[in-house]
Amino acid sequence: MWTVIDSPIGALRLVAHGDELTAIQFEPFDEAPDPDGGQSLGERVDTDPVLVETARQLAAYFAGERTDFDLPLAPVGTAFQQRVWAELRRIPWGETASYGEVARRLGLTNAASRAVGTANGRNPIPVVVPCHRVIGADGTLTGYAGGLDRKRVLLDLESAALF
């Protein structure tokens with residue numbers, strides 16, 4: 001099941017299977033079955049409790065009133081991707097980390113930065129799993145599945161709320 005919400009970074013499609021959030025997708029939306037989970041998106045259900053709570057928490061985040069999320073997540077990915085996504089959730093709100101830093105936090109060498117970047121780019125639950133907080137080693141904004149403009153908006157939102 002899924003629903004669509006408006007946000008400062010454009011419309012977002014929230015996808016849940018059972019009682020867990022499995023994806024947040026940026027527009028333009030792919031109308032094919034969920035590419036990561038291989039499951040059909042199912043019907044639009046604007047009143048599903050998981051989707052309603054996700055929308056509520058995202059609205060609070062975008063309003064600067066929430067710095068973390070408390071949602072039942074079920075991202076579909078490899079064991080390595082799951083490790084990377086779990087580490088992303090440990091990057092505090094308003095802070096960033098480089099791909100190399102994420103690799104080192106996982107007990108890997110800097111050589112794993114590219115693999116971390118690939119896993120980061122395949123994060124099916126952006127914003128909630130904050131892949132936007134990962135930047136280049138030199139502090140520059142690098143790749144983001146939703147585009148660098150969205151990444152900049154998210155990082156600016158978090159840094160502006162700090163002051």
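Start by selecting Gly-143, which sits in the loop between β5 and α5. Helix and strand labels here are DSSP runs numbered from the N terminus, with helices being H or I of at least four residues and strands being E of at least two. You are looking at a predicted model, where local features need pLDDT of at least 70, side-chain atom pairs count only at pLDDT 80 or more, and totals for chains, interfaces and linings use all residues. Residues are numbered from 1 along each chain as its sequence is written, and side-chain values use heavy atoms, leaving out hydrogens and water.

**Around Gly-143**

What does Gly-143 touch, not counting residues up to four places away in sequence? Light up Tyr-99, Leu-148 and Lys-151; contact means heavy atoms within 4.5 Å. Now add Asn-120: from Gly-143 to Asn-120 is 23 residues in sequence and 9.4 Å in space, C-alpha to C-alpha.

**Along helix α5**

Next, select residues 148–160, which make up helix α5. Its 13 residues reach 18 Å from first C-alpha to last, close to the 18 Å expected at 1.5 Å a residue (that is, 1.5 Å times one less than the number of residues). Colour Arg-150, Lys-151, Leu-154, Leu-155 and Glu-158: these residues of α5 are buried. They cover an arc of only 130° around the axis, which puts them on the same side of α5; the arc is taken from the directions from the helix axis to the C-beta atoms. Buried means under 20% relative accessible area, exposed over 50%, and partly exposed in between, using a 1.4 Å probe and protein chains only.

What covers those buried residues of α5? The cover includes β3, α1 (49–62), α3 (99–105) and β5 (134–135). Swing round to the other side of α5, and you find Asp-149 and Ala-160 exposed.

While you're there, show the side chains of Arg-152 and Asp-149, which meet in a salt bridge at 3.7 Å, N to O. A salt bridge here is a side-chain nitrogen of Lys or Arg within 4 Å of a carboxyl oxygen of Asp or Glu. Both residues lie in α5, three residues apart, about one turn of the helix.

**Over to the sheet**

Now pick β1, β2 and β3: these three strands form an open sheet in that order, with antiparallel pairing. β1 and β3 stand at the edges, each with a single partner strand, so one side of each has no neighbour in the sheet. Two strands count as paired if DSSP finds at least two bridges between them.

Zoom in on β2 (residues 12–17), where six of six residues are buried. Leu-12, Leu-14 and Ala-16 are on one side, with Arg-13, Val-15 and His-17 on the other.

To follow the pairing, begin with β1 (residues 2–5), which joins β2 over four bridges; Ile-5 has Leu-12 as its bridge partner. Six residues separate β1 and β2 in their hairpin, and Gly-10 in the turn has a positive phi of about 100°. On the β3 side (residues 20–26), there are six bridges to β2, and Leu-14 partners Ile-24. That hairpin has two residues between the strands, with Gly-18 in the turn at a positive phi of about 65°.

**Last stop: two more salt bridges**

How many salt bridges does a search of the whole structure find? Five. One of them joins Arg-90 to Glu-87, with the closest N and O atoms 3.2 Å apart. Arg-90 is exposed at 54% relative accessibility, whereas Glu-87 is buried at 8%. Finish with Asp-46 and Arg-44, whose side chains meet at 2.8 Å, N to O.
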